[in-house]
Amino acid sequence: MPALEEVREDVWALAQPMPGGHLAYSFSYLLRRDDGGVHVIDPGWDSAANWERLLSALTTLTPGRAGADAVTGIIGTHLHPDHVGLAAHLRAASGAPLALHGVERRVLERHSTRLLDLDEALARLEAWGVPEGRRRELVGFVDRSPEHLALSVDQDLVDGELLDLPGFRVEVMATPGHTAGHICLRDDERGLLYTGDHVLPTVFAGLGLGGPTASNPLADYIVSVARLEPYGSYEALPGHEHRFRGLAERARTCLDHHLVRTREVAAILEGTTPGSGGPSIWEIASRLTWTARWNGLAGLHLLSALRQTEMHVDFVTAGLPLDGTLPTA
Ligand SMILES: [Zn+2]
């Protein structure tokens, strides 16, 4: 686990461990304002150990102030529990407001208020061609966030907004794709870009992993990747792994990774008519290359694979450009 690190004057990176999966930790970034208050970007996974880690980091940054009292704001790059799981605890202990993009707030509210419609969820799986014997295993994930997060969001962030952060000039950039309300944060004075799960240095984060969206997450991602291009010289502070340079190239590599699968789907769909006896989402997914291998996918991971497949199928059937050029409206 990396030690607490001051990456620039008044900016610290704190690694917060998370359970399971192939990522050992997420990064929480602590920004110390010129009045001594601390804004926390992505406090991390909710656990007693991570709470103690955060308090200990705060004591290092603001000696003389008692733990969470120093916190003046909490910002989430997106709604996933490895980023904002600890936000409820931090908000309650500090009284600091929690800010997320409005799209994320609405998805969280829907998840906490809407009950699962079992018939509707089963019908969706049937339409995807999921064999009857596998539907029960997936049904609980169809319309739910993977972890039930009960979060009260105090502020909606919008694209282009400057954070109220004395001593800093940090601008919100809407970067939908990984989730529909994902944001990056840009500090022009320090040459830093907080990328959340939009762009990671070696891992490829999935797309469309928030709530249901009206637009295609891959089409959104193409636009979001292009938005980083002018800031290619900035240092990226990602949500996982390690900080890195070469942001514009890495963003393009991430996009290309997804487009390879889109072209795989396009090849399978060639000469078939969608919806009329053509291959189902299940059949198409079973013919694609998956890191965990198709036969090894189960539960949430299998549902996520099917959702990604549907996204690629929709992208291809909408006639969007397979070379990743910007989709025309
Ligand atoms: Zn995420």
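Which residues line the largest cavity? To find out, select Pro176, Gly177, Thr179, Ala180, Gly208, Gly210, Gly211, Thr213, Pro217 and Asp220 in this predicted model. Together these residues enclose about 40 Å³ of space. By class, the lining of the largest cavity comprises three nonpolar residues, six polar residues and one charged residue. A search of the whole structure yields three cavities of 30 Å³ or more.

**The two domains**

Next, colour the protein chain by its domain assignment. Domain 1 covers 5-108 + 150-255, and domain 2 covers 116-146 + 256-317. Between the C-alpha centres of domain 1 and domain 2 there is a distance of 29 Å. Where the two domains are in contact, 16 residues come from domain 1 and twelve residues from domain 2.

**The largest pocket**

Keep the domain colours on and turn to the largest pocket, which has a volume of about 1500 Å³. A total of 42 residues line this pocket; select His22, Gly206, Leu209, His301 and Ser304 to see those closest to its centre. Then display three helices, H2 (81-84), H8 (247-269) and H10 (299-317), which are the elements that each give two or more residues to the lining. Helix H10 gives the most, with seven residues.

Where does the largest pocket lie with respect to domain 1 and domain 2? Both domains give residues to its lining, so the pocket lies between them. If the lining is coloured by residue class, the view should show 19 nonpolar, 17 polar and six charged residues.

**Ser26 and its surroundings**

For the last stop, select Ser26, which belongs to strand S3 (residues 25-32). Is Ser26 buried or exposed? Its relative accessible area is 0%, which means that Ser26 is buried.

Now show the residues around Ser26. Beyond its neighbours within four places in sequence, Ser26 is in contact with Leu14, Ala15, Gln16, Met18, Gly44, Trp45, Asp82, Gly239 and His240. Among these contacts, Asp82 merits a separate view. Draw a distance from the backbone oxygen of Asp82 to the side chain of Ser26: a polar atom of that side chain lies 2.8 Å away.

Notes:
Residues are numbered from 1 along each chain as its sequence is written. This is a predicted model: local features need pLDDT of at least 70, side-chain atom pairs count only at pLDDT 80 or more; totals for chains, interfaces and linings use all residues. Side-chain values use heavy atoms; hydrogens and water are left out. Helices (H or I, at least four residues) and strands (E, at least two) are DSSP runs, numbered from the N terminus. Buried means under 20% relative accessible area, exposed over 50%, partly exposed in between (1.4 Å probe, protein chains only). A polar contact is a pair of N or O atoms within 3.5 Å; within protein, one must be able to donate a hydrogen and the other to accept it, and residues adjacent in sequence count only if both atoms are side-chain atoms. Contact means heavy atoms within 4.5 Å. On a 1 Å grid over the protein atoms alone, a cavity is a set of points where a 1.4 Å probe fits but cannot get out, and a pocket is an open set with protein on both sides within 12 Å along at least five of seven lines; lining residues have an atom within 4 Å of a point. Grid points are joined across faces, edges and corners, and a volume is the space filled by probe spheres set on the points. Ala, Val, Leu, Ile, Met, Phe, Trp, Tyr, Cys and Pro count as nonpolar, Asp, Glu, Lys and Arg as charged, and the others, Gly among them, as polar. Domain bounds come from an automatic or database domain assignment.
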